Amino acid sequence: MMKDVMFSEVKMSFEQGIYSSPESELCPEGNKRVKLGSVLSILGAVLQTPIIVFFYLGMLSFWKTFQIAQSLDTSPEVMASMMSQSLSNFVIGGLLSGPGLLISCAALFLSSFRTKWLFWYSLILSLIWISSFPFGTLFGLIYLLIILIKRKS
């Protein structure tokens, strides 16, 4: 009986808004969101660097493929295998960078952390994602839209 009375009092205090959770004087609530946003943004940016590296490797591989094709008479089978190797760089980079893209989107939605360098870095990454056809084009367009919409907030 005594437990029911105490439980009902606690329940009433929550419903009426009498009870408020204790706040830390060292780290106010707004500051926690900014810190979380900065950590998530930087982590997402770092985890997206493989798309830059593998995009560069893919473009270099394409360039070598076409240089070989111009200098030698190559069969279509050899060209197809070389093109396949070049495209695999884009797929590997996209798969490795996918979690970073998700973390960056979460940081944009959950936090108000915005810096100029992060905006420009994210803009460049979204353009690289868009150019990673067909795997990353949709993801890159969505990421670009999120960046541009959340830029002013």
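Reader: Which way does α3 pass α5, in a left-handed or a right-handed crossing?

Author: Look along the two helices with one in front of the other, and ask which way the near one is turned from the far one. In this predicted model, α3 passes α5 in a left-handed crossing.

Reader: And at what angle do helix α3 and α5 pack?

Author: Helix α3 covers residues 49-71, and it packs against α5 at an angle of about 50°, with the axes 10 Å apart. Angles from 35 to 65 degrees fall in the oblique class, so α3 and α5 are oblique to each other.

Reader: Okay, now the other partner. How do α5 and α6 run relative to each other?

Author: Start with the angle again. α5 and helix α6 (residues 137-150) pack at about 155°, and their axes are 7 Å apart. Anything over 145 degrees counts as roughly antiparallel, so that is the label for α5 and α6. The crossing of α5 and α6 is left-handed.

Reader: Let me zoom out. How many helices and strands does the protein chain have?

Author: Count the elements, then read them in order. There are 6 helices and 0 strands, and along the sequence the pattern reads α-α-α-α-α-α.

Reader: What share of the residues counts as buried?

Author: For burial, the cut-off is under 20% relative accessible area. By that rule, 32% of the 153 residues of the protein chain count as buried.

Reader: Which residues form a nonpolar patch on the surface?

Author: Here you're looking for nonpolar side chains that sit together and are accessible. I42, V46 and W117 form such a patch, with about 300 Å² of accessible area together. W117 belongs to helix α5, residues 116-131, which is the helix we've been comparing with α3 and α6.

Reader: Why does W117 count as partly exposed?

Author: Partly exposed sits between the 20% and 50% cut-offs. W117 has 45% relative accessibility, so it gets that label.

Reader: Where does S84 lie, and how far is its C-alpha atom from that of F62?

Author: S84 is in helix α4, which spans residues 76-110. Its relative accessibility is 45%, so S84 counts as partly exposed. For the distance, set the separation along the chain beside the separation in space: S84 and F62 are 22 residues apart along the chain, and their C-alpha atoms are separated by 9.8 Å.

Reader: What does the same reading give for K150 and R114?

Author: K150 and R114 are 36 residues apart along the chain, with 9.0 Å between their C-alpha atoms. K150 lies in helix α6, and its relative accessible area of 22% makes K150 partly exposed.

Methods:
Residues are numbered from 1 along each chain as its sequence is written. This is a predicted model: local features need pLDDT of at least 70, side-chain atom pairs count only at pLDDT 80 or more; totals for chains, interfaces and linings use all residues. Side-chain values use heavy atoms; hydrogens and water are left out. Patches are made of residues with over 30% relative accessible area and no salt bridge: like charges are joined within 9 Å, nonpolar side chains (Val, Leu, Ile, Met, Phe, Trp, Tyr) within 5 Å. Accessible areas come from the Shrake-Rupley method with a 1.4 Å probe; for residues, only the protein chains shown count as cover. A salt bridge is a side-chain nitrogen of Lys or Arg within 4 Å of a carboxyl oxygen of Asp or Glu. Helices (H or I, at least four residues) and strands (E, at least two) are DSSP runs, numbered from the N terminus. Buried means under 20% relative accessible area, exposed over 50%, partly exposed in between (1.4 Å probe, protein chains only). Axes are lines fitted to C-alpha atoms, for helices over the stretch in contact, and angles run from 0 to 180 degrees between N-to-C directions. Angles under 35 degrees count as roughly parallel, over 145 as roughly antiparallel, 65 to 115 as roughly perpendicular and the rest as oblique.
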